[in-house]
Amino acid sequence: MFKRFRRLRINENFRQMIRQTHLSVDDFIYPLFVVPGVGVRKEIASMPEVYQLSLDEILKECDEILKLGIKSIILFGIPSTKDSIGSDALSDDGIIATTLRAIKSKFSELFVITDLCFCEYTDHGHCGILDHVHQTVDNDATLEISARQAIIHARNGADMIAPSGMMDGIITTLRKALDENGYENLPIMSYSTKFASAYYGPFRDVAESAPSFGDRKTYQMDSANRFEAINESLEDEKQGADILMVKPALAYLDIIRDIKERSLLPLCVYNVSGEYAMLQAAAKAGVIDYDKVMLETLLAFKRAGADLIITYHAKQAAKLLRK
(Lines give C-alpha, C1' and ligand atoms only; values in the text may rest on other atoms or scores of the structure.)
Protein backbone atom coordinates (compact mmCIF):
# COMPACT_ATOMS: atom_id res chain seq x y z
CA MET A 1 0.00 0.00 0.00
CA PHE A 2 1.43 3.39 -0.96
CA LYS A 3 0.52 6.71 0.60
CA ARG A 4 -2.04 8.74 -1.37
CA PHE A 5 -1.02 12.31 -0.56
CA ARG A 6 -3.41 13.58 -3.22
CA ARG A 7 -6.40 12.80 -0.98
CA LEU A 8 -5.59 16.03 0.84
CA ARG A 9 -5.41 18.05 -2.39
CA ILE A 10 -8.50 17.03 -4.32
CA ASN A 11 -10.86 19.54 -2.70
CA GLU A 12 -9.99 23.24 -2.98
CA ASN A 13 -11.70 24.26 0.26
CA PHE A 14 -9.88 21.53 2.15
CA ARG A 15 -6.55 22.59 0.64
CA GLN A 16 -7.10 26.03 2.12
CA MET A 17 -8.16 24.59 5.49
CA ILE A 18 -4.93 22.62 5.94
CA ARG A 19 -2.55 25.15 4.39
CA GLN A 20 0.51 25.34 6.63
CA THR A 21 1.89 28.78 5.73
CA HIS A 22 -0.16 31.95 5.36
CA LEU A 23 0.60 35.34 3.84
CA SER A 24 -1.13 38.42 5.24
CA VAL A 25 -1.04 42.18 4.77
CA ASP A 26 -0.02 42.27 8.44
CA ASP A 27 3.33 40.74 7.41
CA PHE A 28 4.43 43.70 5.28
CA ILE A 29 6.66 46.70 5.93
CA TYR A 30 6.79 49.15 3.01
CA PRO A 31 9.96 51.17 2.29
CA LEU A 32 9.59 54.91 1.59
CA PHE A 33 12.27 57.36 0.42
CA VAL A 34 11.92 61.04 1.27
CA VAL A 35 13.75 63.81 -0.61
CA PRO A 36 13.71 67.62 -0.30
CA GLY A 37 11.26 69.74 -2.25
CA VAL A 38 7.54 69.92 -3.00
CA GLY A 39 5.57 67.86 -5.49
CA VAL A 40 8.45 65.46 -6.12
CA ARG A 41 7.44 61.99 -7.26
CA LYS A 42 10.41 60.62 -9.17
CA GLU A 43 10.12 57.03 -10.37
CA ILE A 44 13.35 55.03 -10.28
CA ALA A 45 14.18 53.52 -13.67
CA SER A 46 15.66 50.34 -12.20
CA MET A 47 12.70 49.91 -9.80
CA PRO A 48 9.35 50.51 -11.54
CA GLU A 49 6.63 51.86 -9.21
CA VAL A 50 9.21 52.85 -6.57
CA TYR A 51 9.68 56.58 -6.08
CA GLN A 52 11.69 59.28 -4.40
CA LEU A 53 9.01 61.40 -2.72
CA SER A 54 8.93 64.87 -1.22
CA LEU A 55 7.23 65.25 2.16
CA ASP A 56 3.85 66.25 0.72
CA GLU A 57 3.90 63.16 -1.52
CA ILE A 58 5.06 60.95 1.36
CA LEU A 59 1.95 61.96 3.30
CA LYS A 60 -0.27 61.04 0.34
CA GLU A 61 1.53 57.69 0.12
CA CYS A 62 1.01 57.01 3.84
CA ASP A 63 -2.72 57.62 3.42
CA GLU A 64 -2.86 55.11 0.56
CA ILE A 65 -0.81 52.56 2.49
CA LEU A 66 -3.15 52.66 5.47
CA LYS A 67 -6.20 52.29 3.22
CA LEU A 68 -4.63 49.10 1.81
CA GLY A 69 -4.31 47.71 5.34
CA ILE A 70 -0.51 48.03 5.53
CA LYS A 71 0.37 49.00 9.08
CA SER A 72 4.08 49.84 8.86
CA ILE A 73 6.68 51.66 6.79
CA ILE A 74 10.47 51.84 6.97
CA LEU A 75 11.70 55.35 6.22
CA PHE A 76 14.88 56.37 4.37
CA GLY A 77 16.04 59.95 3.90
CA ILE A 78 18.05 61.55 1.11
CA PRO A 79 19.19 65.04 2.18
CA SER A 80 20.01 67.98 -0.06
CA THR A 81 23.49 68.36 1.44
CA LYS A 82 25.89 65.54 2.32
CA ASP A 83 29.19 65.67 4.18
CA SER A 84 31.85 63.37 5.57
CA ILE A 85 29.91 62.43 8.74
CA GLY A 86 26.30 62.66 7.56
CA SER A 87 25.44 65.74 9.63
CA ASP A 88 21.86 65.95 8.32
CA ALA A 89 21.11 62.67 10.11
CA LEU A 90 22.24 64.23 13.41
CA SER A 91 19.90 67.23 13.32
CA ASP A 92 16.34 67.76 14.53
CA ASP A 93 15.94 69.87 11.39
CA GLY A 94 17.24 67.09 9.12
CA ILE A 95 15.12 65.36 6.54
CA ILE A 96 14.33 62.27 8.60
CA ALA A 97 13.46 64.19 11.77
CA THR A 98 11.23 66.62 9.87
CA THR A 99 9.47 63.81 7.99
CA LEU A 100 8.95 61.77 11.14
CA ARG A 101 7.18 64.64 12.88
CA ALA A 102 4.92 65.25 9.90
CA ILE A 103 3.96 61.59 9.45
CA LYS A 104 3.28 60.94 13.13
CA SER A 105 1.30 64.17 13.44
CA LYS A 106 -1.07 63.16 10.63
CA PHE A 107 -0.97 59.35 10.85
CA SER A 108 -0.38 58.44 14.49
CA GLU A 109 -1.61 54.90 13.88
CA LEU A 110 1.05 54.15 11.25
CA PHE A 111 3.99 52.22 12.71
CA VAL A 112 7.09 54.05 11.48
CA ILE A 113 10.46 52.29 11.48
CA THR A 114 13.53 54.37 10.70
CA ASP A 115 16.59 53.06 8.92
CA LEU A 116 19.52 54.15 11.06
CA CYS A 117 22.63 54.49 8.93
CA PHE A 118 24.81 57.13 7.29
CA CYS A 119 25.29 55.91 3.72
CA GLU A 120 22.50 58.17 2.37
CA TYR A 121 23.87 61.17 4.27
CA THR A 122 27.62 61.00 3.63
CA ASP A 123 29.39 62.43 0.61
CA HIS A 124 31.45 59.22 0.34
CA GLY A 125 28.46 56.82 0.47
CA HIS A 126 29.84 54.61 3.25
CA CYS A 127 27.93 53.78 6.42
CA GLY A 128 29.81 55.95 8.91
CA ILE A 129 32.97 57.89 9.67
CA LEU A 130 35.87 56.82 7.49
CA ASP A 131 39.06 55.16 8.65
CA HIS A 132 41.33 56.61 5.97
CA VAL A 133 44.28 54.46 6.93
CA HIS A 134 42.48 51.19 6.21
CA GLN A 135 40.04 52.61 3.64
CA THR A 136 37.00 51.40 5.55
CA VAL A 137 34.54 52.65 8.18
CA ASP A 138 35.82 53.43 11.68
CA ASN A 139 33.62 51.11 13.74
CA ASP A 140 33.83 52.80 17.15
CA ALA A 141 33.65 56.38 15.91
CA THR A 142 30.54 55.40 13.96
CA LEU A 143 29.00 53.87 17.09
CA GLU A 144 29.25 57.25 18.78
CA ILE A 145 27.37 59.16 16.09
CA SER A 146 24.89 56.29 15.66
CA ALA A 147 23.84 56.76 19.29
CA ARG A 148 23.22 60.45 18.53
CA GLN A 149 21.22 59.52 15.44
CA ALA A 150 19.08 57.09 17.46
CA ILE A 151 18.10 59.82 19.92
CA ILE A 152 17.13 62.10 17.01
CA HIS A 153 14.85 59.39 15.64
CA ALA A 154 13.34 58.63 19.04
CA ARG A 155 12.76 62.27 19.93
CA ASN A 156 10.96 62.96 16.66
CA GLY A 157 8.53 60.05 16.83
CA ALA A 158 10.05 56.82 15.50
CA ASP A 159 8.17 53.72 16.66
CA MET A 160 11.19 51.49 16.03
CA ILE A 161 14.76 52.01 14.88
CA ALA A 162 16.59 49.68 12.54
CA PRO A 163 20.38 50.09 12.41
CA SER A 164 21.63 48.82 9.05
CA GLY A 165 25.34 49.62 9.04
CA MET A 166 26.63 46.28 10.43
CA MET A 167 28.88 47.96 12.99
CA ASP A 168 30.11 45.63 15.73
CA GLY A 169 28.50 46.55 19.05
CA ILE A 170 25.75 48.68 17.51
CA ILE A 171 22.89 47.09 19.46
CA THR A 172 24.60 47.49 22.84
CA THR A 173 25.45 51.08 21.96
CA LEU A 174 21.94 52.03 20.86
CA ARG A 175 20.16 50.21 23.67
CA LYS A 176 22.30 52.00 26.25
CA ALA A 177 21.75 55.42 24.63
CA LEU A 178 17.99 54.93 24.30
CA ASP A 179 17.58 53.65 27.85
CA GLU A 180 19.63 56.47 29.35
CA ASN A 181 17.50 59.04 27.53
CA GLY A 182 14.13 57.65 28.60
CA TYR A 183 13.37 55.54 25.51
CA GLU A 184 13.63 52.16 27.16
CA ASN A 185 10.40 51.03 25.47
CA LEU A 186 11.54 51.88 21.93
CA PRO A 187 12.32 48.60 20.13
CA ILE A 188 15.35 47.92 17.94
CA MET A 189 15.11 45.84 14.78
CA SER A 190 18.65 44.79 13.98
CA TYR A 191 19.93 44.25 10.46
CA SER A 192 21.62 41.39 12.25
CA THR A 193 22.65 39.28 9.25
CA LYS A 194 23.26 41.60 6.31
CA PHE A 195 25.34 40.34 3.43
CA ALA A 196 27.59 42.34 1.10
CA SER A 197 25.29 41.55 -1.78
CA ALA A 198 25.09 42.35 -5.48
CA TYR A 199 21.30 42.37 -5.07
CA TYR A 200 21.42 45.90 -3.62
CA GLY A 201 22.21 47.66 -6.90
CA PRO A 202 18.85 49.33 -7.61
CA PHE A 203 18.53 50.49 -3.98
CA ARG A 204 21.60 52.64 -4.46
CA ASP A 205 19.78 54.38 -7.31
CA VAL A 206 16.79 55.33 -5.17
CA ALA A 207 18.76 56.06 -1.96
CA GLU A 208 21.68 57.74 -3.80
CA SER A 209 24.03 55.79 -1.56
CA ALA A 210 26.59 54.12 -3.81
CA PRO A 211 30.07 54.16 -2.22
CA SER A 212 32.43 56.64 -3.86
CA PHE A 213 35.27 54.13 -3.52
CA GLY A 214 35.66 50.44 -2.74
CA ASP A 215 32.76 48.41 -1.38
CA ARG A 216 31.23 47.40 1.95
CA LYS A 217 32.79 43.97 2.30
CA THR A 218 34.83 44.96 5.37
CA TYR A 219 31.66 45.48 7.40
CA GLN A 220 28.86 43.62 5.63
CA MET A 221 28.95 39.82 5.57
CA ASP A 222 30.55 37.41 3.11
CA SER A 223 27.70 35.62 1.36
CA ALA A 224 29.62 32.32 1.59
CA ASN A 225 29.62 32.20 5.40
CA ARG A 226 26.68 30.33 6.89
CA PHE A 227 27.90 29.95 10.49
CA GLU A 228 29.12 33.53 10.71
CA ALA A 229 25.68 34.61 9.51
CA ILE A 230 24.02 32.70 12.34
CA ASN A 231 26.52 34.01 14.87
CA GLU A 232 25.92 37.64 13.85
CA SER A 233 22.21 37.38 14.60
CA LEU A 234 22.62 35.47 17.84
CA GLU A 235 25.12 38.07 19.07
CA ASP A 236 22.67 40.89 18.36
CA GLU A 237 20.03 38.98 20.28
CA LYS A 238 22.42 38.82 23.28
CA GLN A 239 23.04 42.56 22.99
CA GLY A 240 19.33 43.34 23.26
CA ALA A 241 17.85 43.40 19.76
CA ASP A 242 14.07 42.97 19.78
CA ILE A 243 13.78 41.74 16.18
CA LEU A 244 16.42 40.09 13.98
CA MET A 245 16.74 40.38 10.21
CA VAL A 246 18.20 38.58 7.22
CA LYS A 247 19.04 40.73 4.18
CA PRO A 248 18.75 39.87 1.28
CA ALA A 249 16.00 37.26 1.48
CA LEU A 250 15.58 35.31 -1.75
CA ALA A 251 19.08 33.83 -2.06
CA TYR A 252 19.33 33.26 1.70
CA LEU A 253 16.31 31.13 2.58
CA ASP A 254 18.64 28.63 4.26
CA ILE A 255 19.97 31.35 6.57
CA ILE A 256 16.43 32.44 7.44
CA ARG A 257 15.62 28.89 8.48
CA ASP A 258 18.93 28.49 10.36
CA ILE A 259 18.30 31.59 12.47
CA LYS A 260 14.62 30.84 13.02
CA GLU A 261 15.53 27.45 14.46
CA ARG A 262 18.02 29.03 16.89
CA SER A 263 16.20 32.12 18.14
CA LEU A 264 12.77 32.80 19.62
CA LEU A 265 12.85 36.46 18.56
CA PRO A 266 10.65 37.68 15.70
CA LEU A 267 12.51 37.47 12.41
CA CYS A 268 12.21 39.99 9.59
CA VAL A 269 13.55 39.60 6.06
CA TYR A 270 14.33 42.34 3.56
CA ASN A 271 13.09 41.48 0.07
CA VAL A 272 15.66 43.76 -1.52
CA SER A 273 15.72 45.98 -4.57
CA GLY A 274 17.46 43.53 -6.90
CA GLU A 275 14.96 40.81 -6.09
CA TYR A 276 12.11 43.24 -6.78
CA ALA A 277 13.68 44.53 -9.99
CA MET A 278 14.21 41.02 -11.38
CA LEU A 279 10.52 40.19 -11.08
CA GLN A 280 9.53 43.50 -12.64
CA ALA A 281 11.94 42.94 -15.54
CA ALA A 282 10.74 39.37 -16.08
CA ALA A 283 7.14 40.57 -16.12
CA LYS A 284 7.99 43.28 -18.66
CA ALA A 285 9.67 40.63 -20.82
CA GLY A 286 6.52 38.53 -20.63
CA VAL A 287 8.24 35.46 -19.20
CA ILE A 288 6.38 35.24 -15.85
CA ASP A 289 2.94 35.84 -14.39
CA TYR A 290 4.06 38.68 -12.13
CA ASP A 291 1.27 38.49 -9.54
CA LYS A 292 1.58 34.74 -9.04
CA VAL A 293 5.39 34.69 -8.89
CA MET A 294 5.45 37.66 -6.53
CA LEU A 295 3.02 36.07 -4.07
CA GLU A 296 4.83 32.73 -4.29
CA THR A 297 8.11 34.47 -3.50
CA LEU A 298 6.67 36.26 -0.47
CA LEU A 299 5.13 33.00 0.73
CA ALA A 300 8.55 31.34 0.47
CA PHE A 301 9.95 33.88 2.94
CA LYS A 302 7.19 33.04 5.41
CA ARG A 303 7.68 29.29 4.91
CA ALA A 304 11.42 29.65 5.56
CA GLY A 305 10.65 31.30 8.90
CA ALA A 306 10.09 35.03 8.40
CA ASP A 307 7.54 36.76 10.61
CA LEU A 308 7.81 40.12 8.83
CA ILE A 309 8.78 41.11 5.28
CA ILE A 310 10.16 44.46 4.18
CA THR A 311 9.16 44.54 0.53
CA TYR A 312 8.63 46.94 -2.37
CA HIS A 313 5.86 44.56 -3.46
CA ALA A 314 3.78 45.42 -0.38
CA LYS A 315 1.12 47.58 -2.05
CA GLN A 316 0.72 45.20 -5.00
CA ALA A 317 0.52 42.18 -2.70
CA ALA A 318 -1.96 43.91 -0.39
CA LYS A 319 -4.32 44.57 -3.29
CA LEU A 320 -4.17 40.93 -4.38
CA LEU A 321 -4.66 39.55 -0.88
CA ARG A 322 -7.78 41.68 -0.39
CA LYS A 323 -9.53 40.10 -3.40
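What follows is a working chat about the strands, helices and a few single residues of a predicted model.

Q: Let's start with β1: how many of its residues are buried?
A: In this predicted model, 7 of the 7 residues of β1 are buried, so the strand is largely enclosed by the rest of the structure.

Q: And which residues sit on which side of β1?
A: Phe-28, Tyr-30, Leu-32 and Val-34 lie on one side, while Ile-29, Pro-31 and Phe-33 lie on the other, and both faces are covered. In a regular strand the side chains alternate between the two faces of the sheet.

Q: Which strands does β1 pair with, and over how many bridges?
A: β1 runs parallel to β12, with 2 bridges joining them, and the partner of Phe-28 in β12 is Ile-309. With β4 there are 5 bridges, again in the parallel sense, and here Tyr-30 has Ile-73 as its bridge partner. β1 also pairs in parallel with β3 over 2 bridges, where Phe-33 stands opposite Gln-52.

Q: OK, following β4 onward, what does it do with β5?
A: Strand β4, residues 72–77, pairs with β5 in the parallel sense over 4 bridges, and Ile-74 has Ile-113 as its bridge partner in β5. Between the two strands the chain passes through helix α3, residues 95–106, and this β-α-β crossover is right-handed.

Q: Is β5 mostly covered or mostly open, and what is on β5 besides β4?
A: Strand β5, residues 111–116, is mostly covered, with 5 of its 6 residues buried. It is also joined by 4 bridges to strand β8, residues 160–163, and the two run parallel, with Thr-114 of β5 partnered by Ile-161 of β8.

Q: Switching to β10, which way do its side chains point?
A: Leu-244 and Val-246 point one way from β10, whereas Met-245 and Lys-247 point the other way, and all of these are buried.

Q: Which neighbours does β10 have?
A: Strand β9, residues 193–194, is joined to β10 by 2 bridges and runs parallel to it, with Lys-194 standing opposite Lys-247. Strand β11, residues 267–271, is joined to β10 by 3 bridges, also parallel, and there Leu-244 stands opposite Leu-267. The chain goes from β10 through α8 to β11 in a right-handed β-α-β crossover.

Q: What about the peptide bond from Lys-247 to Pro-248, cis or trans?
A: That peptide bond is cis, with omega near -5°, and Pro-248 itself is found in the loop between β10 and α8.

Q: How does α8 pack against α10?
A: The axes of α8, residues 253–260, and α10, residues 290–304, come within 8 Å and cross at roughly 30°, and the two helices are therefore roughly parallel to each other. The α8 side of the contact consists of Leu-253, Ile-256, Arg-257 and Lys-260, and the α10 side of Ala-300, Phe-301, Arg-303 and Ala-304. By class, the contact has 5 nonpolar, no polar and 3 charged residues.

Q: What covers the buried residues of α11?
A: The cover includes β1, β3, α2, α9, α10 and β12. Helix α11, residues 314–321, has 6 of its 8 residues buried, namely Ala-314, Lys-315, Gln-316, Ala-317, Ala-318 and Leu-320.

Q: Any odd backbone angles I should know about, say at Glu-49 or Met-166?
A: Glu-49 has a positive phi of about 70° although it is not a glycine, and this residue lies in strand β3, residues 47–53. Met-166, likewise not a glycine, has a positive phi of about 60° and lies in the loop between β8 and α5.

Q: Buried or exposed, those two?
A: Glu-49 counts as partly exposed, at 41% relative accessibility, whereas Met-166 counts as buried, at 10%.

Q: Last one: where is Gln-220, and what does it touch?
A: Gln-220 is found in the loop between α6 and α7, and with a relative accessible area of 5% this residue is buried, the cut-off for that being under 20%. Leaving aside residues up to four places away in sequence, Gln-220 touches Met-166, Lys-194, Phe-195, Ala-196, Ser-197 and Tyr-200. Its C-alpha atom is separated by 8.6 Å from that of Met-167, and those two residues are 53 residues apart along the chain.

Methods. Residues numbered from 1 in each chain as written. Predicted model: local features only at pLDDT ≥ 70, side-chain atom pairs only at ≥ 80, totals over all residues. Heavy atoms only, no water. Buried < 20%, exposed > 50% of the residue type's maximum accessible area, 1.4 Å probe, protein only. Pairing = 2+ DSSP bridges. Right-handed = clockwise from strand over helix to strand, strands pointing away. Axes fitted to C-alpha atoms, helices over the stretch in contact; angles between N-to-C directions. Parallel < 35°, antiparallel > 145°, perpendicular 65-115°, else oblique. Contact = heavy atoms within 4.5 Å. Nonpolar A, V, L, I, M, F, W, Y, C, P; charged D, E, K, R; others polar.
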